[in-house]
Amino acid sequence: MKNNLSIREFSEITGVEITTLRYWDEIGLFSPMHRNPGTNYRYYTLPQVLALNFVTALSDLNVPLKTIGELRKERNPDKLMKLIRSQEKTIDMEMRDLQKRFSIIHTRRELIDYGMNIDVNQMSILWRDDKAMVLWPQNEYEDDDTFIKPFARFVSKAPELHINLSYPVGGYYDSMEAFQGAPGRPNNFITIDPSGQHVRKAGEYLIGFARGYYGELGDLADRMANYATKNSLVIVGPVYIFYLHDEFCLSDTSDYLAQSCAAVSRI
């Protein structure tokens, strides 16, 4: 391999675009070893293939070009260690943010997909695995309150309660009796956030569906109770309401799709 390389040859070897090499030369970050006085063509040398690694490695780590230029002139392990530690913290924060956003997207996708492939009128017994979520503080209702008013009161407190409202929300009822007695008044709100400490335990669950705005569940509670009676089932423990389709994917609130889950045992 010849020692003097044209900018095209140098680009092919290093994988750095010609336009990028020209720009780095213009700002004095990384220049060719010499130029042809007549043609002004840039020529690089083989040792520069290795020297370029300093620039590309830091550039890949999103270190500003100005910082790279300053370090290139005078660098040592101590300076690079300080830079690396700083970038490590920055990247760690970016990764955490990406994981959180992926978790939200993944949760939303699963619920929307599930809601698109069910029979809303069907009720069934299905096995459900452990599911983590965030259980909000217990609701306190005034005489005319339904789902929305207490939910609105909590929204302003979401940051201090460490509640991420980008996740789907739902309702938690202490028992089937509580659900039947006041379908529009869950004892607690829930956020389907997998980082939550509350876990719906794995087991067999009676699953039902209803369309309508938050808290407008129609006769879903009675239908679940009747189904359990006809099939010799006992509903035990709390009832969970998950909104599969909400404002995230629908504009018509009457089309929101809620799923009810209640653990059952067989008589």
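This passage walks through the overall build of the chain, its surface and charges, its cysteines, and one residue in a helix.

The model is a predicted one. Its chain holds 8 helices and 11 strands. As for overall form, the C-alpha trace spans about 95 × 35 × 35 Å along its principal axes. The radius of gyration tells a similar story: the chain has 30 Å, while a compact globule of 267 residues would come in near 18 Å. Even so, plenty of contacts link distant parts of the sequence. Of the contacts with a separation of 6 or more, 71% are between residues 24 or more positions apart.

Turning to the surface, about 15600 Å² of the chain is exposed, and 51% of that comes from carbon and sulfur atoms. On the inside, buried residues account for 40% of the 267 residues. The chain carries 30 positive and 35 negative charges, and the mean positions of these two sets lie 9 Å apart.

What about the cysteines? The structure has 0 disulfides. Take Cys249 to begin with: the closest cysteine sulfur to its own belongs to Cys261 and sits 17 Å away, so the gap is too far for a bond. A disulfide would need the two sulfur atoms within 2.5 Å. Seen from the other end, the picture is just as plain, because the closest cysteine sulfur to that of Cys261 is the one in Cys249, again at 17 Å. The surroundings of these cysteines can be described too. Cys249 is partly exposed, with a relative accessible area of 34%. Cys261, on the other hand, has 0% relative accessibility and counts as buried.

A closer look at one spot in the chain is offered by Ala221. This residue is part of helix H8, which covers residues 220–230. Is Ala221 buried or exposed? With a relative accessible area of 4%, Ala221 falls under the 20% cut-off, so it is buried. Some of what packs around Ala221 comes from elsewhere in the sequence. Setting aside neighbours within four places, Ala221 is in contact with Met176, Phe179 and Gln180. For one of these partners, Gln180, the separation is worth spelling out: Gln180 and Ala221 are 41 residues apart in sequence, yet their C-alpha atoms are 5.2 Å apart in space.

Note on methods. Residues are numbered from 1 along each chain as its sequence is written. This is a predicted model: local features need pLDDT of at least 70, side-chain atom pairs count only at pLDDT 80 or more; totals for chains, interfaces and linings use all residues. Side-chain values use heavy atoms; hydrogens and water are left out. Helices (H or I, at least four residues) and strands (E, at least two) are DSSP runs, numbered from the N terminus. The radius of gyration is taken over C-alpha atoms; the globule rule is 2.2 Å times the number of residues to the power 0.38. Buried means under 20% relative accessible area, exposed over 50%, partly exposed in between (1.4 Å probe, protein chains only). Contact means heavy atoms within 4.5 Å. Accessible areas come from the Shrake-Rupley method with a 1.4 Å probe; for residues, only the protein chains shown count as cover. Lys and Arg count as positive and Asp and Glu as negative; His and the chain ends are not counted. The place of a charge is taken as NZ of Lys, CZ of Arg, CG of Asp or CD of Glu.
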